[in-house]
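Reader: Hey, got a minute to walk me through this fold? I'd like to get the sheets, the helix packing and the odd backbone spots straight.

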Amino acid sequence: MVRKKAESGNYDGLIVRSDTKVTAEVFAAATSLRVVGRAGTGVDNIDIDAATRKGVIVLNTPGGNSVSACELTCALISTLARNVAQACQSLKEGRWDRKLYTGSELSGKTLAVLGLGRIGREVATRMQSYGMKTIGFDPMVSAEGAKQFNVEKMELDEIWPLADYITVHTPLIPQTRNLINETTLNKCKRGVKVINVARGGIVDEAALLDAIKDGRCGGAALDVFVEEPPKSAVTLELIRHPAVVATPHLGASTNEAQQRVAVEIAEEFVALAANCSAEAR
Ligand code: MLT
């Protein structure tokens, strides 16, 4: 919530990060508002329909945190492969469990990247340096386009049985809600590992938990959740499961990304103001 809703009527522009919710109520109170900027990628904290109804422009900075989100994804893939988080916890608790935490190499394994935009591509190219084969799906990217960054484009139904690791890099839209669900998990290789640093809701949390419990899924790394901070019993059980590595939405949480998105959104505002004054002349 914008805390001083009453004051929002005084401003022409508003810049928010992720915590501030720009709701229909805020738009109703903000009588002078002309532009809302999101210093970050997702605009799910802004009521876009309300903005459209009021003719308010919504800007974001889609590229500013791609590298950070990508690097966290790669770190989580490696963490899953080598049980880093669990082994670290076990050692801190005084155990020396070398056998329990035998991992597997990433080299030679198949990584499926669902969503071949900026972050998906960055993840694919970095994980290729580990020797992973990269396959992927994105309705907006051609097979030729995917080939340029060494990803073999396939249909989703071809991907499920081939992937050792699946990482999602799509926005949360009706077409991607529960993209990873009970049916798709059943089509996967037994022991597949799932990574979500994109948006909660792309992976059906209850279906993932069931698949982890019976071994259909060999582990998951989750940075985002349906509800943040998570409160539901299912999400909490998922987070606490030993095969799950979970982080509190840290994809864009680097000094570099936060600075970059702040500068980018400020530049977008300056460019918009310059255009508006040029048009007024
Ligand atoms: C974004 O949408 O920019 C990232 O998920 C990070 C964030 O929400 O803070």
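Author: Here is a chat through the sheets, helices, ligand shell and backbone oddities.

Reader: Before we start, what kind of model is it?

Author: It's a predicted model, where local features need pLDDT of at least 70, side-chain atom pairs count only at pLDDT 80 or more, and totals for chains, interfaces and linings use all residues. Residues are numbered from 1 along each chain as its sequence is written.

Reader: Cool. In what order do the strands of the 7-stranded sheet run?

Author: The order is β6-β5-β4-β7-β8-β9-β10, in an open sheet with parallel pairing. Strands here are DSSP runs of E with at least two residues, helices are runs of H or I with at least four, and both are numbered from the N terminus. Two strands pair if DSSP finds at least two bridges between them.

Reader: And which strands sit at the edges?

Author: β6 and β10 (244-246), each of which pairs on one side only.

Reader: How many bridges join β8 to β9?

Author: Strand β8 (residues 192-196) runs parallel to β9 and is joined to it by 5 bridges. Within that pair, Ile195 stands opposite Ala221 of β9.

Reader: Which strands does α9 touch on that sheet?

Author: α9 packs on it and touches β8, β9 and β10, with its direction at about 140 degrees to that of β9. Angles like that run from 0 to 180 degrees between N-to-C directions, and the axes are lines fitted to C-alpha atoms, for helices over the stretch in contact.

Reader: How does α9 pack with α10?

Author: Helix α9 (residues 205-213) and helix α10 (residues 233-240) meet at an angle of about 40 degrees, their axes 9 Å apart. That makes α9 oblique to α10; the cut-offs are under 35 degrees for roughly parallel, over 145 for roughly antiparallel, 65 to 115 for roughly perpendicular, and oblique for the rest.

Reader: Who makes the contact?

Author: On α9 it's Glu205, Ala206, Leu208 and Leu209, and on α10 it's Val234, Thr235, Glu237 and Leu238. Contact means that the C-beta atoms, placed from the backbone, lie within 7 Å. By class, this one has 5 nonpolar, 1 polar and 2 charged residues. Nonpolar covers Ala, Val, Leu, Ile, Met, Phe, Trp, Tyr, Cys and Pro, charged covers Asp, Glu, Lys and Arg, and the others, Gly among them, are polar.

Reader: Switching helices: at what angle do α3 and α5 pack?

Author: About 45 degrees, for helix α3 (residues 66-82) against helix α5 (residues 118-128), with axes 9 Å apart. That makes α3 oblique to α5. Residues in the contact include Cys70, Thr73 and Ile77 of α3 and Ile119, Val123 and Met127 of α5. The class count there is 8 nonpolar, 2 polar and 3 charged.

Reader: OK, what about the 3-stranded sheet?

Author: It's an open sheet too, in the order β1-β2-β3 with parallel pairing. Its edge strands are β1 (13-16) and β3 (57-60), each pairing on one side only. The twist averages 15 degrees from one strand to the next. Strand β2 (residues 35-38) is joined to β3 by 4 bridges, and Gly37 has Leu59 as its bridge partner in β3.

Reader: Which helix lies across β1, β2 and β3?

Author: Helix α11 (residues 255-280), running at about 155 degrees to β2.

Reader: Now the ligand. Which residues are around it?

Author: Ser18, Gly40, Thr41, Gly42, Asn65, Gly251 and Ala252. A residue is near a molecule or strand if its C-beta atom, placed from the backbone, lies within 6 Å of it. The shell divides into 1 nonpolar, 6 polar and no charged residues.

Reader: Last one: where's the cis peptide bond?

Author: Between Glu228 and Pro229, with omega about -10 degrees. Pro229 lies in the loop between β9 (217-222) and α10. Another spot to check is Asn150, which has a positive phi of about 60 degrees although it is not a glycine. Asn150 is in the loop between α6 (143-147) and β6 (152-153).

Notes: Two residues are in contact if their C-beta atoms, placed from the backbone, lie within 7 Å.
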